[in-house]
Amino acid sequence: YALVGTSKGLSIVDITNPDHPAEIMFVPGPDNLWREIKVKDDYAYVGTEGGGGLQIVYLGTLPNKSGITYKNWTGMGLGTIHTLHIDGNFVYMYGTNIAQRAGVIADITDRYNPVYAGTYENKQSLYVHDGFVRNDTLYACHTFGGFCTLVDCKDKKNLKIFGSVETPGKFTHNCWLSENSKTLFT
């Protein structure tokens, strides 16, 4: 299946036969040109700058569309999300309408019912455009600040900054960590 973000929502497409893709279901969402989707087990997590919080879509009954359910989580007043990342049982949301547009963390141990876990804010450059998390370390991309902050996320309620690194061109849009965790690409 392909999960395709559209300006009006999430399109779930059967691509078993790539010559004849078929939309199985359309999950409506706020009208917006930006939509990011991440998957954990049988659940898709969808963020958009159009509002509505974090949309959670249960996909476990595919190809039977009658069992697909969805809802929005707006804990802590969450409305808009620019990007998101999943690591373990946590979803990290960036560029949100809360936490001074930095990061919001939710526990998704219960995949369909997130629970607020913590917030990341940085006084140097509050906006976090994107991020990557591995082994309780957050690499937060401060696009307009031009740097990436390394954050200890073991205690989600009490995040600690390890340090930061300025990136070439001073425009830290996004990042990804190599498999061996020795190189951060941005």
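Two strands count as paired here if DSSP finds at least two bridges between them. With that in hand, let's walk through this predicted model.

**The chain overall**

What does the secondary structure look like? The protein chain has 17 strands and 0 helices. Its radius of gyration is 17 Å, which agrees with the value near 16 Å that a compact globule of 186 residues would have. Along the principal axes, the C-alpha atoms fill a box of roughly 50 × 35 × 30 Å. Of the 186 residues, 48% count as buried. The chain exposes about 9,100 Å², and carbon and sulfur atoms supply 52% of that area. If you take contacts between residues at least 6 apart in sequence, 39% of them join residues at least 24 apart.

**Two open sheets**

One open sheet is built from 4 strands in the order β4-β5-β6-β7, with antiparallel pairing. Why is one side of β4 and of β7 left without a neighbour in the sheet? Both stand at the edges with a single partner strand each, so there is nothing from the sheet on the other side. On average, neighbouring strands here are turned by 20 degrees against each other, ignoring direction.

Another open sheet, also of 4 strands, runs β12-β13-β14-β15, and its pairing is antiparallel. Its edge strands are β12 (130-134) and β15 (160-166), each pairing on one side only. From one strand to the next, the twist averages 20 degrees.

Here is one strand pair from each sheet, with a residue pair to look for:

| Strand pair | Sense | Bridges | Residues facing each other |
|---|---|---|---|
| β4 and β5 | antiparallel | 6 bridges | Glu 36 and Gly 47 |
| β14 and β15 | antiparallel | 6 bridges | Phe 147 and Glu 166 |

**What's packed inside**

In soluble globular proteins, nonpolar side chains tend to be buried together. In this model, the largest nonpolar core holds 17 residues, and Tyr 45, Leu 54, Val 91 and Met 93 touch the most other members. Which strands feed this core with at least two residues each? They are β5 (43-48), β6 (54-58), β8 (83-87), β9 (90-94) and β10 (103-107).

A second, separate core has 14 residues, including Phe 90, Val 128, Ala 140 and Val 151.

Leu 54 is a good place to zoom in. Setting aside neighbours within four places in sequence, Leu 54 is in contact with Tyr 45, Val 46, Lys 71, Asn 72, Trp 73, Leu 78, Ile 81, Leu 84, Val 91 and Met 93. Tyr 45, Val 91 and Met 93 turn up again there, having already appeared with Leu 54 among the core residues that touch the most other members.

Key
Residues numbered from 1 in each chain as written. Predicted model: local features only at pLDDT ≥ 70, side-chain atom pairs only at ≥ 80, totals over all residues. Heavy atoms only, no water. Core = buried A, V, L, I, M, F, W, Y, C linked by side-chain atoms within 4.5 Å. Buried < 20%, exposed > 50% of the residue type's maximum accessible area, 1.4 Å probe, protein only. Contact = heavy atoms within 4.5 Å. Axes fitted to C-alpha atoms, helices over the stretch in contact; angles between N-to-C directions. Rg over C-alpha atoms; globule rule 2.2 N^0.38 Å. Areas by Shrake-Rupley, 256 points an atom, 1.4 Å probe, with all protein chains shown as cover.
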